Amino acid sequence: MVPFKDNGHLSERQILFNTRHSSARMMVERSIGLLKGRFRSILDTLPLYRTDLIPKYIIACCILHNICLLQNDMIDIPVIVNEQNCVQAEPLQDTQREGIDKRNAIMYFLS
C-alpha cells in the first residue's frame with residue numbers, strides 16, 4: 001500500500017493512516033534489518049529456488065532469532081532505514097492501484 005500524498009489538503013483520517021502506515025513500515029524494516037544482520041544469507045541471496053518456501057525460511061529465521069534472544073545471544077547491528085524508497089516517482093501499476101483501494105478502505109476504519 002502507498003500512503004496518501006501530502007499536498008497540504010489531507011483529512012485527519014488520511015493523516016492518521018499515513019502515520020500508522022509509516023510506523024508499521026519502519027518497524028518491519030528494522031525487523032528485516034535485524035534478521036539480515038544475524039542471518040547473512042537473507043542479505044544477499046536466499047539458498048532457495050522455490051519461492052513458495054521463502055516465507056517459511058524467513059519465519060524459521062525469526063524463530064531462531066527469538067531463541068537467540070532468549071539465550072542472551074545479542075549482536076550489535078546498526079539499523080539503517082533507506083528513506084529514498086519512501087517516495088513514489090513512477091506511474092501507478094495495477095497492483096499499486098489495488099493497494100491504494102485497500103488503503104482507502106482501511107482509512108475509514110481508523111477513528
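Contact is taken here to mean heavy atoms within 4.5 Å. In the predicted model described here, and leaving aside neighbours within four places in sequence, His65 is in contact with Leu35, Arg38 and Phe39. His65 itself is part of helix H3, and its relative accessible area of 11% places it among the buried residues, because buried means under 20%.

A second histidine, His21, is located in helix H1, which spans residues 12-38. When residues up to four places away in sequence are not counted, His21 touches Met1, Val2 and Pro3. The relative accessible area of His21 is 18%, so this residue is likewise classed as buried under the cut-off of 20%.

The segment before H1 also takes part in an aromatic pair, and by the rule applied the count of such pairs comes to one. A pair of aromatic rings is described by the distance of the centres and the angle of the planes. For Phe4 and Phe17 the ring centres are 5.8 Å apart and the planes stand at 75 degrees, so the arrangement is edge-to-face. Because Phe4 belongs to the segment before H1 whereas Phe17 belongs to helix H1, the pair ties together parts that are 13 residues apart in sequence. Both rings come from buried residues, with a relative accessibility of 12% for Phe4 and a relative accessible area of 5% for Phe17.

Turning to charged side chains, the count of salt bridges comes to three. One of them joins Arg25 to Glu29, with the closest N and O atoms 3.1 Å apart. These two residues both lie in helix H1 and are separated by four residues, about one turn of the helix. Arg25 is partly exposed, with a relative accessible area of 24%, and Glu29 is also partly exposed, its relative accessible area being 27%.

Another salt bridge is formed by Asp73 and Arg38, for which the closest N and O atoms are 3.5 Å apart. This pair links distant parts of the chain, since Asp73 is in the loop between helix H3 (54-70) and helix H4 (94-107), Arg38 is in helix H1, and the two are 35 residues apart. The partners fall on opposite sides of the cut-off for burial: Asp73, at 37% relative accessibility, counts as partly exposed, whereas Arg38, with a relative accessible area of 16%, is buried. Arg38 is also one of the residues in contact with His65, and in this way the residue takes part both in a salt bridge with Asp73 and in a contact with a residue of helix H3.

A further salt bridge is found between Arg50 and Asp52, where the closest N and O atoms are 2.8 Å apart. Asp52 has a relative accessibility of 44% and therefore counts as partly exposed.

Helix H3 also contributes to a nonpolar feature of the surface. Ile59, Ile63, Leu64 and Ile67 form a nonpolar patch there, and together these residues have about 370 Å² of accessible area. Ile63, one of the members of this patch, is found in helix H3 and counts as partly exposed at 48% relative accessibility. Helix H3 thus holds both the buried His65 and the partly exposed Ile63.

Definitions and conventions. Residues are numbered from 1 along each chain as its sequence is written. This is a predicted model: local features need pLDDT of at least 70, side-chain atom pairs count only at pLDDT 80 or more; totals for chains, interfaces and linings use all residues. Side-chain values use heavy atoms; hydrogens and water are left out. Buried means under 20% relative accessible area, exposed over 50%, partly exposed in between (1.4 Å probe, protein chains only). A salt bridge is a side-chain nitrogen of Lys or Arg within 4 Å of a carboxyl oxygen of Asp or Glu. Patches are made of residues with over 30% relative accessible area and no salt bridge: like charges are joined within 9 Å, nonpolar side chains (Val, Leu, Ile, Met, Phe, Trp, Tyr) within 5 Å. Accessible areas come from the Shrake-Rupley method with a 1.4 Å probe; for residues, only the protein chains shown count as cover. Rings of Phe, Tyr and Trp (its six-membered ring) pair if their centres lie within 6.5 Å; planes under 30 degrees apart count as stacked, over 60 as edge-to-face and the rest as tilted.
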